[in-house]
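Work through the exercises below with the sequence and the model at hand. Each task is followed by a solution in steps.

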Amino acid sequence: MSPAKIFLALGLALTAACPIASVAQGAAATPASPASNASPGATKIGIVNIQAAIAECAEGKKEFDSLQQKFTPKQTELKNLNDEVENLKKQLQAQGDKLNDEEK
C-alpha cells in the first residue's frame, strides 16, 4: 500500500477523532470602518491541511504507527516477491536464446 493510500485511510479514519478546530473569521457585526481593508460582506476562506493536521496530532501519530506495523510484513513480502520476479526476468533474458518455447 502506498504512503498516499495510507494517509488517505488514516485521514478518513481519524477525521472525527482528531480535535481539529477551524475558526472562520467573519466580519464584525458592526459596519466596516473606513480604515478596514475588507469590503462589507466580503467572504474569507480558511484552508486546513488535513494530512498535516492528522499527522501532527497524537491520535494521528498513534494510528499511523499502528498502520505501519500492520502493513510492514505485507510490504516486505511484496518486495521479496518483486525481487524474485526481477531475478527470474534476468535469468530469462540471459538464457532466452538457449531455451525452447516450453522451457520459457
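**Exercise 1.** Decide whether Lys74 is buried, partly exposed or exposed, then describe its salt bridge.

Solution. Step 1: take the classes, where buried means under 20% relative accessible area, exposed over 50%, and partly exposed in between (1.4 Å probe, protein chains only). Step 2: Lys74 has 45% relative accessibility, so Lys74 counts as partly exposed. Step 3: a salt bridge is a side-chain nitrogen of Lys or Arg within 4 Å of a carboxyl oxygen of Asp or Glu. Lys74 forms one with Glu77, and the closest N and O atoms are 3.8 Å apart. Step 4: Glu77, with a relative accessible area of 39%, is partly exposed. Step 5: both residues lie in helix H3, 3 residues apart, which is about one turn of the helix.

This is a predicted model, in which local features need pLDDT of at least 70 and side-chain atom pairs count only at pLDDT 80 or more, while totals for chains, interfaces and linings use all residues. Residues are numbered from 1 along each chain as its sequence is written, and side-chain values use heavy atoms, with hydrogens and water left out.

**Exercise 2.** How many salt bridges does the rule give, and where does the pair Asp83 and Lys79 lie?

Solution. Step 1: the count comes to 3 salt bridges. Step 2: Asp83 and Lys79 meet through their side chains at 3.1 Å, N to O. Because they are 4 residues apart in helix H3, about one helical turn separates them. Asp83 is partly exposed at 31% relative accessibility, and Lys79 is exposed at 52%. Step 3: Lys89 pairs with Glu86, with 3.8 Å between the closest N and O atoms. These two also lie in helix H3, 3 residues apart. Lys89 is partly exposed at 46% relative accessibility, as is Glu86 at 33%. Step 4: side chains of opposite charge can pair when their charged atoms come close.

**Exercise 3.** Check the length of helix H3 against its expected span, then find where H3 bends.

Solution. Step 1: helices (H or I, at least four residues) and strands (E, at least two) are DSSP runs, numbered from the N terminus. Step 2: the expected span is 1.5 Å times one less than the number of residues. Step 3: H3 has 38 residues (58-95) and should therefore span 56 Å; its end C-alpha atoms are 54 Å apart, which agrees. Step 4: the bend at a residue is the angle between axes fitted to the seven residues ending there and the seven starting there. H3 bends by about 40 degrees at Phe71, and Pro73 follows within four residues.

**Exercise 4.** Which helix has the lowest mean pLDDT and which the highest, and where does pLDDT stay under 50?

Solution. Step 1: pLDDT is the predictor's confidence in each residue, from 0 to 100. Step 2: the protein has 3 helices and 0 strands. Helix H1 (residues 3-14) has the lowest mean pLDDT, 67, and H3 the highest, 93. Step 3: the protein averages 76, and 65% of the residues score at least 70. Step 4: the value stays under 50 over residues 20-34. Where pLDDT is low, the predicted coordinates should not be read in detail.

Key: Contact = heavy atoms within 4.5 Å.
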